[in-house]
Amino acid sequence: SRLQDPELSGALRKMVRALQAGDVAEMLGHVRVFFANIPYDLAVNREQYYQTVFFTLFKLVGVHIEAEVRTNIGRIDAVVKTAAGVFVFEFKLNGTADEALAQIRQKRYFEPYLGDGRPVMLVGVEFSRETRNIGEHRVEPLDAPAPSADGVHEPQATFAAAAPDAREIARRLRARGIDPAIISDVTGVR
């Protein structure tokens, strides 16, 4: 069935479109709408609360998301995979988006996805205790030079995969059994 709340329904469609286009900043702007609709007395000031809401939202719209992904030296808060790329998320409630990005780089959370063939984006997200919503965020393509612990820039893998067109995205969504009305809303393909 279709969503009945036009504000949330519109934000949902825009969120998925932005994610499919690889526009993390725009996508996070639409995610803010969902957090803004949660009554303040239901919010819990723990990082896991924000991570759970984020995870649940993506699962409900049919986006491939994994949470608490274990690696050889740490645990990734969330990994989102779309045709546009692999997005490695680190969340901070008591820290900054820059600290989140630094943790991704330091613990090399991106390494398991280097052979994937899709572009890899590192995403640091700060959640604000005051607004109970997304605060600052930083997005860094994996091929951007990043200083190592000793200040030396390490070479990063570069991927030049093109995003699939709307028809290909629609085909993939149909293969996953996604409602045709949602596919049409998101891709514009009938």
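Start with Arg108. Just after helix 4, Arg108 takes a positive phi of about 55 degrees. Keep in mind that this is a predicted model.

Now step back into helix 4 itself, residues 97–106. Which residues of helix 4 are buried? Ala97, Ala100, Leu101, Gln103 and Ile104. Look down the helix axis: these buried residues fall within an arc of 155 degrees, so they line one face of helix 4. What covers the buried residues? The cover includes three strands: strand 3 at 85–92, strand 4 at 120–128 and strand 5 at 133–141.

On to the sheet. Five strands form an open sheet. The order is 1-2-3-4-5, and the pairing is mixed. Strand 1, residues 64–70, stands at an edge, and so does strand 5. Each has a single partner strand, so one side of each is left without a neighbour in the sheet. Ignoring direction, neighbouring strands here are turned by 25 degrees against each other on average.

One pair in more detail. Strand 3 and strand 4 run parallel, paired over seven bridges. Opposite Val120 of strand 4 stands Val86.

Last, two more helices. Helix 2, residues 24–36, lies across strand 3, strand 4 and strand 5. Against strand 5, helix 2 runs at about 160 degrees. Helix 3, residues 47–60, lies across strand 1, strand 2, strand 3, strand 4 and strand 5. For reference, strand 2 spans 75–82. The angle between helix 3 and strand 1 is about 145 degrees.

Technical notes:
Residues are numbered from 1 along each chain as its sequence is written. This is a predicted model: local features need pLDDT of at least 70, side-chain atom pairs count only at pLDDT 80 or more; totals for chains, interfaces and linings use all residues. Side-chain values use heavy atoms; hydrogens and water are left out. Buried means under 20% relative accessible area, exposed over 50%, partly exposed in between (1.4 Å probe, protein chains only). Helices (H or I, at least four residues) and strands (E, at least two) are DSSP runs, numbered from the N terminus. The arc is that of the directions from the helix axis to the C-beta atoms. Contact means heavy atoms within 4.5 Å. Two strands pair if DSSP finds at least two bridges between them. Axes are lines fitted to C-alpha atoms, for helices over the stretch in contact, and angles run from 0 to 180 degrees between N-to-C directions.
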